[in-house]
Amino acid sequence: MDQQQELNELKELVKHYEKVIKNMSVPIIPSIVPRTILVPIAGFIYRDRFEAIRTKVLKYAADHRETECVIFDFTGVNTEDVESFDYNELASELSQLNSAQKLMGLRPLYVGFNPRFVREIVHAGIQVELEVYTNFRAALKVLISENEKSLPAL
């Protein structure tokens with residue numbers, strides 16, 4: 001095998017793994033609460049990742065019209081995962097994510113923000129209008145009580 005062929009195979013392998021990573025970076029999990037999905041977000045967050053989240057969730061909602069609520073769970077995002085992110089830009093991305101969901105007729109909820117993340121956004125004087133809960137369980141409790149639903153028997 002010559003070097004050019006080996007290089008081409010390696011490039012194809014990199015493309016394959018980039019696709020795998022992209023698909024895994026935005027998991028969508030149907031919730032036990034009807035018409036609600038969970039989007040857990042872990043690891044580094046950046047502009048392209050927010051774009052991928054917006055795109056995948058909107059496509060899911062278009063394909064599953066019964067979806068009414070999206071819970072974005074940032075519990076898996078550590079301080080180090082946002083250190084290189086400008087907080088004004090981060091707030092802008094969150095605002096765009098929120099607006100896109102609302103324009104699609106979805107109710108976006110956010111859970112699991114880390115304290116430093118919140119402190120930096122507040123300290124920077126950035127105004128972001130989000131419906132936020134401490135954790136996934138708290139958001140589910142609110143949704144269940146609002147819908148007067150009980151959990152189905154397992």
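1. In this predicted model, Val111 of strand β4 has Tyr133 as its bridge partner in β5. The two strands, β4 and β5 (residues 132-133), pair in the parallel sense over 2 bridges. Between them the chain passes through helix α5 (residues 115-123), and this β-α-β crossover from β4 to β5 is right-handed.

2. Strand β4 also has a partner in β3 (residues 69-76), to which it is joined by 5 bridges, and these two strands run parallel. Within this pairing, Cys69 stands opposite Arg107 of β4. Since 4 of the 5 residues of β4 (residues 107-111) are buried, the strand is largely enclosed by the rest of the structure; here a residue counts as buried when its relative accessible area is under 20%.

3. Strand β3 is paired with β2 as well, in the parallel sense and over 6 bridges. Cys69 appears again here, as the bridge partner in β3 of Thr36. If you follow the strands across in this way, you arrive at an open sheet of 5 strands in the order β1-β2-β3-β4-β5, with mixed pairing. At its edges are β1 (29-30) and β5, each of which pairs on one side only.

4. Taken along the chain, the protein has 6 helices and 5 strands, and from the N terminus these elements run α-β-β-α-β-α-α-β-α-β-α. Of the contacts with a separation of 6 or more, 73% are made by residues 24 or more positions apart.

5. Helix α4 (residues 87-103) allows a simple check of geometry: at 1.5 Å a residue, its 17 residues should span 24 Å, and the end C-alpha atoms are indeed 24 Å apart, so the two values agree. The buried residues of α4 include nonpolar ones such as Leu90, Leu94 and Leu97, but Glu93, Asn98 and Gln101 are buried as well. Just after the helix, Gly105 takes a positive phi of about 90 degrees.

6. Is Ser92, which lies in helix α4, buried or exposed? With a relative accessible area of 34%, Ser92 is in fact partly exposed, because that class covers values between 20% and 50%. Ser92 and Arg47 are 45 residues apart in sequence, while in space their C-alpha atoms are 9.9 Å apart.

7. In soluble globular proteins, nonpolar side chains tend to be buried together. In this model, the largest nonpolar core has 27 residues, and those that touch the most other members are Val39, Ile41, Val57, Phe72, Phe74 and Leu94. Each of β2 (36-42), α2 (47-63), β3, α4 and α5 supplies at least two residues of this core, and the largest share, 6 residues, comes from α2.

8. Which residues does Val39 touch, if those up to four places away in sequence are not counted? They are Val26, Pro27, Ile28, Val57, Val70, Ile71, Phe72 and Asp73. Apart from the largest core lies another core, of 10 residues, among them Val33, Ile71, Val111 and Leu140.

9. For the protein as a whole, 35% of the 154 residues count as buried. The accessible surface comes to about 9,700 Å², and carbon and sulfur atoms account for 54% of this area.

Note on methods:
Residues numbered from 1 in each chain as written. Predicted model: local features only at pLDDT ≥ 70, side-chain atom pairs only at ≥ 80, totals over all residues. Heavy atoms only, no water. Buried < 20%, exposed > 50% of the residue type's maximum accessible area, 1.4 Å probe, protein only. Contact = heavy atoms within 4.5 Å. Areas by Shrake-Rupley, 256 points an atom, 1.4 Å probe, with all protein chains shown as cover. Pairing = 2+ DSSP bridges. Right-handed = clockwise from strand over helix to strand, strands pointing away. Expected span 1.5 Å × (residues − 1). Core = buried A, V, L, I, M, F, W, Y, C linked by side-chain atoms within 4.5 Å.
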